Amino acid sequence: MDIFKMKVIIDNTQIELEGDSSTVYKIFQELKECGLGELSPLAKKNMNDTTTDDVQTTSIVQDGDLVKEKTIYEEKSTNESLELPTLQTVVLQGKPSTEQEWILVYAVYCSQLGTTPFTAEDLRLKYQETNRFSLSKNKNFQTNVKKLVSSGFISAIDNTKFKLENLGLEKAKKIILNEKIKKNNSSLKNKKNTTSYQILELNLSEKNRNDLRDFWNSHKHSTSMDKAVLVAYWLKKEKAIENYTADHLFTILRTIDENASFDILSALKNSQHRKNHFIYDRDSNSFKLHHIGEDYVKILENKDINNNE
């Protein structure tokens with residue numbers, strides 16, 4: 001409810017009214033018509049009630065039949081302050097699922113929660129800042145921005161500047177905080193602990209990243225176990241990484257913008273027990289790719305070649 005505050009001065013008496021606008025206006029009319037002595041009980045009660053909400057204050061001076069109004073200050077913003085995680089945290093957790101959602105999240109951080117304008121260049125810089133730039137994303141950038149404008153999430157101020165609309169801010173907040181909400185709901189339903197993963201520094205060069213994407217796109221990976229063995233194979237061959245963990249798989253999936261919202265550790269264990277693709281090393285608490293796993297990747301690759309012919 002919007003809170004309205006009014007200061008009324010009658011002769012040497014000063015009265016402050018505060019409440020919803022309709023009630024304040026009713027009391028003011030009674031003051032004009034009847035004076036202080038004839039106020040209704042409801043009006044007197046409302047005159048004594050105070051709140052701590054943001055208000056709009058108006059000064060009223062009555063001189064005979066003449067009433068002058070002057071606005072002292074405008075209503076303050078009713079948006080509650082929201083403490084968001086750092087943008088790098090959002091990147092590591094991979095919460096946005098589409099490029100439009102990523103751009104909308106970037107807009108939140110560029111506009112400081114919708115309080116300042118931003119430009120398309122500001123959004124592009126966020127791609128560099130989060131190490132998510134690619135030629136394909138850059139090619140579709142303008143189209144995605146136009147779709148956000150069409151959806152009412154952002155709007156154009158002029159030829160270069162945009163502003164984040166409230167609808168867009170609410171949408172972005174849901175995207176950014178969605179994972180936390182899901183975890184809380186899950187813990188309330190089944191009381192299970194949530195497994196978390198971390199991004200590892202694998203020292204991947206730009207060439208490594210391009211080779212990785214080419215390798216990934218040339219193989220089938222319809223199951224989580226396929227994803228686990230493919231990544232392990234590539235890391236062993238290209239980066240000489242023998243001891244393989246769930247964090248390695250998570251890091252690679254995020255690097256190539258692949259969905260990582262599945263039980264990664266279970267995928268590794270299932271691939272070990274059901275397919276014999278891995279051997280578990282208790283000393284290092286890690287998995288090592290078995291020759292059966294390597295052969296399986298080669299079979300997938302041959303199938304892909306045959307299917308493409």
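**Notes on the predicted model: helix α4, cores and voids**

1. Let's start just past α4, where Gln112 takes a positive phi of about 55°. Keep in mind that this is a predicted model. Gln112 is not a glycine, and it sits in the loop between α4 and β5 (118–119). With a relative accessibility of 53%, Gln112 counts as exposed, because the cut-off for that class is over 50%.

2. Leu113 does something of the sort too: its phi is positive, about 65°, and again this is not a glycine. Leu113 belongs to the loop between α4 and β5. Its relative accessibility is 29%, so Leu113 counts as partly exposed. If you are checking backbone torsions, this loop has both Gln112 and Leu113 to look at.

3. Now α4 itself. Does its length add up, and what should 12 residues span? At 1.5 Å a residue, helix α4 (residues 99–110) should cover 16 Å, and the C-alpha atoms at its ends are 16 Å apart, which agrees.

4. Is α4 buried or exposed? Of its 12 residues, 10 are buried, so the helix is largely enclosed by the rest of the structure. The buried stretch takes in Glu101, Trp102, Ile103, Leu104, Val105, Tyr106, Ala107, Val108, Tyr109 and Cys110. For the chain as a whole, buried residues make up 37% of the 309.

5. On the overall fold: the protein chain has 13 helices and nine strands. Take the contacts between residues at least 6 apart in sequence, and 50% of them join residues at least 24 apart.

6. The largest nonpolar core has 29 residues, and those touching the most other members are Val231, Leu235, Tyr244, Leu249, Ile252, Leu268 and Phe278. At least two core residues come from each of α9 (206–217), α10 (224–239), α11 (246–255), α12 (264–275), β9 (286–289) and α13 (291–308). The top contributor is α10, with eight residues.

7. Phe278 deserves a line of its own. Leaving aside residues up to four places away in sequence, Phe278 touches Ala228, Val229, Ala232, Tyr244, Leu268, Ser271, Gln272, Phe287, Lys288, Leu289 and His290. There is also a second, separate core of 27 residues, with Leu84, Val91, Leu169 and Ile176 among them.

8. How many cavities of 30 Å³ or more does the structure hold? There are two. The largest has a volume of about 40 Å³, and its lining consists of Ala232, Leu235, Lys236, Ile241, Glu242, Tyr244, Phe278 and Leu289. Leu235, Tyr244 and Phe278 turned up above among the best-connected residues of the largest core. By class, the cavity lining has six nonpolar and two charged residues, with no polar ones. Helix α10 gives the most to this lining, with three residues.

9. Last, the second largest pocket, with a volume of about 750 Å³. Of its 27 lining residues, Asn131, Arg132, Arg209, Arg213 and Thr255 are the closest to the centre. At least two lining residues come from each of α3 (87–93), α6 (135–139), α9 and α11. The largest share, four residues, is from α9. The lining splits into nine nonpolar, 10 polar and eight charged residues.

Terms used:
Residues numbered from 1 in each chain as written. Predicted model: local features only at pLDDT ≥ 70, side-chain atom pairs only at ≥ 80, totals over all residues. Heavy atoms only, no water. Expected span 1.5 Å × (residues − 1). Buried < 20%, exposed > 50% of the residue type's maximum accessible area, 1.4 Å probe, protein only. Core = buried A, V, L, I, M, F, W, Y, C linked by side-chain atoms within 4.5 Å. Contact = heavy atoms within 4.5 Å. 1 Å grid on protein atoms, 1.4 Å probe; cavity = no way out; pocket = protein on both sides within 12 Å on 5 of 7 lines; lining within 4 Å. Points joined across faces, edges and corners; volume = space filled by probe spheres on them. Nonpolar A, V, L, I, M, F, W, Y, C, P; charged D, E, K, R; others polar.
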